[in-house]
Amino acid sequence: MWHGFGGLTGMKVRGLRWWMIALIMLGSIINYLTRSTLSVAAPTLLKTLHIAEKQYSWITGAFQGTIMLQPLCGYVLDSLGLKIGFALFATAWSFINMAHGLAHSWEAFAWLRGALGLSEGSANPAGMKATAEWFPAKERGFAGGIFNIGASVGSMLAPPLVAWAILEYNWQTAFVITGGLGLIWVVLWLTFYNSPAKHPVLSDEERDYIAAGQEKSLRGAGTKPSFVHILKQRNFWGIALPRFFADPTWGTLTLWLPLYLSTVRHMDLKQIALSAWVPFLAADFGCIFGGVVSAWLQKFAGASLINARRGAFTLGACLMMGVGFVGFVESPYAAIGLLSLAGFAHQTLSVTVITMSSDLFRKSEVATAAGMAGTFGNAGLLLFSLAIGGMVARVGYTPFFICLGGLDLIGAAILWSLVRERVE
């Protein structure tokens with residue numbers, strides 16, 4: 001009987017590391033597809049269940065509050081191992097997402113979103129742990145970009161898929177479909193994934209190539225990760241604080257974009273399905289662009305790995321200033337264009353700072369450190385989302401878009417000030 005790659009006795013797969021990052025990218029796609037289901041369904045839900053925008057911000061806030069427990073997810077992944085740990089989290093988020101179809105009040109949605117946030121917080125730590133395990137340092141930026149495409153693709157697929165499910169069936173079906181896709185992915189994950197040390201079809205040549213290209217100070221398995229030890233390192237704060245200022249952009253696009261297009265730009269569900277995915281398509285290109293810029297700076301400008309990452313982040317921060325003009329354009333298509341620039345710019349800088357957890361911490365700490373940095377990112381997103389929910393009825397969206405245009409410049413300044421290269 002064939003058990004995934006294990007059934008190919010004696011056979012080796014060339015470039016297996018790229019197949020592994022593609023597999024975990026697929027998991028990230030499902031992760032962001034499920035978390036984006038609510039935002040696309042929001043115009044329908046708010047009208048059908050008589051939920052106010054302020055209550056909607058509490059629902060989204062419940063998700064952001066529990067997803068800040070990413071350090072716990074990272075610790076579980078570092079302790080149990082990536083294969084089993086991530087499978088458990090993915091199974092949980094799939095069933096929880098399907099259970100959204102049973103909710104009929106904003107309080108029920110808030111409880112379910114809280115549970116969903118706890119389980120879905122595993123995605124970024126898992127991706128960074130896989131990147132650290134499977135790739136040499138010079139390839140991690142590009143590999144991290146491929147993984148982060150999952151966030152953009154999942155968010156991009158949500159508008160047409162969820163809108164189709166609502167129009168063809170009902171909003172409950174949308175949650176069942178996206179949750180069911182997660183369970184299918186879990187089967188694929190358990191069948192095909194393993195660590196480099198255990199994978200039966202990884203060639204000795206590729207295993208040696210991966211090991212030789214990793215920093216000596218980061219190779220060792222070490223002891224179990226320590227939260228206190230990580231918190232004492234300035235490099236942690238150097239990547240955590242920029243995420244605090246950067247992540248509100250992604251939260252605004254994924255949580256509030258459909259409502260903005262509905263209430264301000266007066267689009268119906270079909271029009272939202274045709275346009276709300278475009279900023280996330282642009283974000284896909286940003287994921288790759290960030291890694292390419294980082295690699296170019298190393299190869300042609302002679303920049304070190306860390307300085308190349310900082311350079312890519314700074315370029316993305318400068319491009320982000322364009323989002324500040326969204327509220328001043330009359331054409332909804334011009335607004336979509338500027339929001340697309342924001343998606344591109346955000347992923348350009350986001351992929352670089354997220355990947356830096358695998359550049360600065362030992363493999364036994366990567367998932368925990370990435371999860372802890374993610375906590376700060378989601379804290380910034382939570383505060384920003386609650387501010388939108390509490391103030392948008394009075395001041396509109398324009399002040400928030402202006403604010404987003406400047407936050408990443410603060411993050412860039414912190415990244416350059418705090419992060420230091422590791423000494424081999």
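How much space lies in the second largest pocket? In this predicted model, the volume comes to about 160 Å³. The lining of this pocket brings together Lys12, Val13, Arg14, Gly15 and Arg17 with Ser203, Glu205, Glu206 and Tyr209. Helix 9, which spans residues 204-212, is the main contributor to the lining, giving three residues. By residue class, the lining of the second largest pocket holds five charged residues, along with two polar and two nonpolar ones. Two of the lining residues, Arg17 and Glu206, turn up again in a network of salt bridges, where they are linked with Glu139.

Enclosed space comes next. The structure holds four cavities of 30 Å³ or more. The largest cavity contains about 270 Å³ of space, and among its 25 lining residues, Tyr32, Arg35, Asp247, Trp250 and Leu381 are the closest to the centre. Many helices take part in this lining: at least two residues each come from helix 1 (16-48), helix 2 (53-67), helix 5 (106-120), helix 6 (123-134), helix 7 (137-168), helix 12 (234-263), helix 16 (332-360) and helix 17 (366-395). Helix 12 gives the most, with six residues. In the lining of the largest cavity, 11 residues are polar, nine are nonpolar and five are charged.

The second largest cavity holds about 60 Å³ of space. Its lining consists of Ser36, Ser39, Val40, Ser155, Ala158, Pro159, Leu253, Thr254, Leu257, Pro258, Ala276 and Phe280. Helix 1, helix 7 and helix 12 supply at least two of these residues each, and helix 12 again gives the most, here with four. The character of the lining is easy to state: eight residues are nonpolar, four are polar and none is charged. Helix 12 is thus a shared element, as the leading contributor to the linings of both the largest cavity and the second largest cavity.

Which charged side chains pair with one another? A search of the whole structure finds 10 salt bridges, including three pairs that are described here in turn. Within helix 6, Glu133 and Lys129 sit four residues apart, about one turn of the helix, and their side chains meet in a salt bridge with an N to O distance of 3.9 Å. Both partners are buried: Glu133 has a relative accessibility of 17%, and Lys129 has a relative accessible area of 6%.

Helix 9, already met at the second largest pocket, carries a salt bridge of its own. Asp204 and Arg207 lie three residues apart in this helix, about one turn, and their closest N and O atoms are 3.1 Å apart. What is the relative accessible area of Asp204? The value is 55%, so Asp204 counts as exposed. Arg207, at 24% relative accessibility, is partly exposed.

The third pair is formed by Glu365 and Arg362, whose side chains meet in a salt bridge at 3.0 Å from N to O. Here the acidic partner is the buried one: Glu365 counts as buried because its relative accessibility is 2%, under the 20% limit. Arg362, with a relative accessible area of 25%, is partly exposed.

Key. Residues are numbered from 1 along each chain as its sequence is written. This is a predicted model: local features need pLDDT of at least 70, side-chain atom pairs count only at pLDDT 80 or more; totals for chains, interfaces and linings use all residues. Side-chain values use heavy atoms; hydrogens and water are left out. On a 1 Å grid over the protein atoms alone, a cavity is a set of points where a 1.4 Å probe fits but cannot get out, and a pocket is an open set with protein on both sides within 12 Å along at least five of seven lines; lining residues have an atom within 4 Å of a point. Grid points are joined across faces, edges and corners, and a volume is the space filled by probe spheres set on the points. Ala, Val, Leu, Ile, Met, Phe, Trp, Tyr, Cys and Pro count as nonpolar, Asp, Glu, Lys and Arg as charged, and the others, Gly among them, as polar. A salt bridge is a side-chain nitrogen of Lys or Arg within 4 Å of a carboxyl oxygen of Asp or Glu. Buried means under 20% relative accessible area, exposed over 50%, partly exposed in between (1.4 Å probe, protein chains only).
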